[in-house]
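The exercises below ask the reader to work from the coordinates to a reasoned account of charged pairs, backbone geometry and burial. Each task is followed by a solution that goes step by step.

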Amino acid sequence: MPPSFRSTEKDDLSFSDDLQHLNPSSPDGTYHNAPRLKKANSSSTRRLLGFIPAIFVLLVTLGLVALIVGWLLAFQHGPAQGGLGFGPAFRNGSFVLFEGERKGDADKRGGSHLRVLTWSSWGSHIISDTGSVLMTLVGYRVASQWLRNSESNVLQTPTPLQYGLLVRLMGSSSPISLGRAIGYAAAPRRRPRLPRLFSEALFFAATVWILAKAIWGVDTWLHSVSRAVPFALQVPAADSVPLLAVGFNDTLCGSWRQDERASQFMAQGYPCLAEWEGWALYNTEMMPTGYSALVNQSSTFQAVTLADAQDTAIVIPKQPSGYTFQASTFGVRAACTSLNSQCDNDGAGVTTNCARAGYPGLPHRVGEQQDNGYDESISSSVFGIVKGEMGGVQMGATDLRSSNGTTPNPATLAIQLRWDSRLQSAENYVLVPDDAEPAVDTMPKPKVTLYAACQVTFLNVTAWHDGASGTWTMVNSTASSSDLASILWLPMLYQFITERLASNVEINARMEPRDNVMAALNQNIGRLALAAASGYFQPIEAVDVHISVNDAILSIYPVAPVVCLILLLLLYAVLAVAIFTSSWFTSDKTMLVVPAEMSHSGEHEERSMVALTQAWLVDPMPLVALAFPGEDGKDPMRSVAKSTNEMVYDGHDGDSRLSIGLHDGGKVFGLRKRGDRREDGE
């Protein structure tokens, strides 16, 4: 073995003390006249070892968390998600975002950029590259332990194989390097004792790798379950908004009372448009509007039934499609009860009197009754009952002399409907199931007759229209005044809806049980009553009007992968802080004083021994420098260079090139520098 140069001073450290026997710079194994490196205590008790790498990792992880969370909150779409914030998203199971353009034409609002997937991909790729950054931080901790153990506990220093595994582990925590290190550590009987620094480095490397792959896995999961879906986006409507609510035309009654023709037949003291000879005979708009609405052909209004509001009918405008808004309007809710089974009959199934049920005016007959199929004394009619009087018998509302045609709200109606097959046979074509109770009389054949009493409530309604689905929802309702109810029920008392009502419920009456027939009667009375009275109404402004952009696309991000991604990024940030904190408390009190002759600047400089040792752990360059010295007298200077690249000799001559193959007389396969003084055996 070549002789080594040893210092006689405790605080002096000749570079050749530990390395000369491995790396002779001269044929006799000594550095002739080489200046010496000296140890010195650091002037600072703490150094920010790895500060920049730690800040980089924190900026990446916490920045991505802030970006993802901020994006999710900033672009949430409350109507589709069920509200804004994390609570509605968790209840819904997904974050629902509108990531399209906020301004511009409708066709530019529809795009879904799925930005969260972009941030997630960035995070996955960047985190996979920060593993080596975190391992540089771990290197400071391992380097400090190695230096300390080199002076006090040799058994806690690595063997050459352990050092080689450490360099590969710290420099690149790949599955191969991890697998080989774990395989080595898992066989205690076939290896020397593991130093603590090796176990810690292996633990941190495995943890960093597992977290990075977990983030990649969650990113893949998020990509596989996220999607874009079409949705009718609601945006505030422009200034030119159509009139979408319904109000009462207050000027109608005033102009009617001033009409010279109408004044001759006007029923003084009776509700608006009640006349002795009919209803609204001299108003040129009421009748056409009502007829058109009854057959759903009005260009202004229509009546619809809200099934989820106790079959309440409301009058709505024929609005342009796509608008979402809240509107005031009017409604009617009917509750009908079948009277056929409660009335007296002649024993043959023909109802004779409904006084026992509280309606002595039923059945109402015109002409002489016949006890056979030729009986024409009963016809379909709708009557209004007030204080025992029955309006609609002869002169509509003017039949109610004691109340001047007015009604309380709710109003009471008595209904009789008759259908005739017009075939003088023994059949009346009633097909109600045998185990169900019908709502009609089936005698005398072929007549079919229905009797019912209805409580009809007129309402002032606030309703919400969803332009996306075209559905209406009742927000609230209150009973209308008696005056308004008395006006709106007039078309029914003048038999304006009777034939349409009979036609609409005939099939139900012939084929379905009593309860189903009453439900159909409720719906039709409400809808037809409003349609017939629609001439009293006028369009007015709605509130909170939005327009639906039908080609909008929403981004759907399931909560589970998003939360997992955020938690893993935060955990990665916590790991970075923990590793940086451990490096902060790493002992770095001993410095190497580099003489002016050995420094590139020509002045005395200091080098951290922990930083230099860390370079031997995370970078193979110092090992390359050790294996292939320059032998130009500058190797000691290169050993303490600031950059690991500067530690390695990089000559220009041909003898500085490396060859690979057999050397030492064919005894060794490996690299050799052509200028090496050792024999190559050739």
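Buried means under 20% relative accessible area, exposed over 50%, and partly exposed in between, with a 1.4 Å probe and protein chains only. The model is predicted, so that local features need pLDDT of at least 70 and side-chain atom pairs count only at pLDDT 80 or more, while totals for chains, interfaces and linings use all residues. Residues are numbered from 1 along each chain as its sequence is written, and side-chain values use heavy atoms, with hydrogens and water left out.

**Exercise 1. Describe the protein chain as a whole, in terms of secondary structure, burial, contacts and surface.**

Step 1. Begin with the secondary structure, taking helices (H or I, at least four residues) and strands (E, at least two) as DSSP runs numbered from the N terminus; the protein chain then has 19 helices and 22 strands.

Step 2. Turn to burial: of the 682 residues in the protein chain, 50% are buried.

Step 3. Define a contact as heavy atoms within 4.5 Å. Among contacts in the protein chain between residues at least 6 apart in sequence, those joining residues at least 24 apart make up 68%.

Step 4. Compute the accessible surface by the Shrake-Rupley method with a 1.4 Å probe, where for residues only the protein chains shown count as cover. The protein chain has about 33000 Å² of such surface, and carbon and sulfur atoms account for 54% of that area.

**Exercise 2. Find how many salt bridges the structure has, and place the pair Glu376 and Lys447 in the fold.**

Step 1. Side chains of opposite charge can pair when their charged atoms come close. The criterion used here is a side-chain nitrogen of Lys or Arg within 4 Å of a carboxyl oxygen of Asp or Glu, and a search of the whole structure gives seven salt bridges.

Step 2. One of them joins the side chains of Glu376 and Lys447, at 3.0 Å from N to O. Because Glu376 lies in the loop between β10 (351–353) and β11 (381–386), whereas Lys447 belongs to strand β15 (residues 447–466), the pair ties together parts that are 71 residues apart in sequence.

Step 3. Compare the surroundings of the two partners: Glu376 is exposed, at 54% relative accessibility, whereas Lys447 is buried, with a relative accessible area of 1%.

**Exercise 3. Set the salt bridge of Arg514 and Glu437 beside that of Arg510 and Glu506.**

Step 1. In the pair formed by Arg514 and Glu437, the closest N and O atoms are 2.9 Å apart. Arg514 lies in helix α15 (residues 514–532) and Glu437 in the loop between β13 (411–420) and β14 (440–441), so this pair ties together parts that are 77 residues apart in sequence.

Step 2. Both partners are partly exposed, Arg514 at 24% relative accessibility and Glu437 with a relative accessible area of 41%.

Step 3. The side chains of Arg510 and Glu506 meet at 3.0 Å, N to O, but here both residues lie in helix α14 (residues 498–511), four residues apart, which is about one turn of the helix. Arg510 is buried, with a relative accessible area of 8%, and Glu506 is partly exposed at 23%.

Step 4. Elsewhere, salt bridges that share partners join Arg141, Arg196 and Glu200 into one network.

**Exercise 4. Locate the cis peptide bonds at Pro363 and Pro410, and the positive phi values of Leu273 and Ala280.**

Step 1. The peptide bond joining Leu362 and Pro363 is cis, with omega about -10°, and Pro363 lies in the loop between β10 and β11.

Step 2. Asn409 and Pro410 are likewise joined by a cis peptide bond, with omega about 15°; Pro410 is found in the loop between β12 (389–391) and β13.

Step 3. Leu273, a residue other than glycine, has a positive phi near 75°, and lies in the loop between α10 (260–265) and α11 (286–294). Ala280, also not a glycine, has a positive phi of about 55° and is found in the loop between α10 and α11.

Step 4. Leu273 is buried, with a relative accessible area of 0%, and the value for Ala280, also buried, is 0%.
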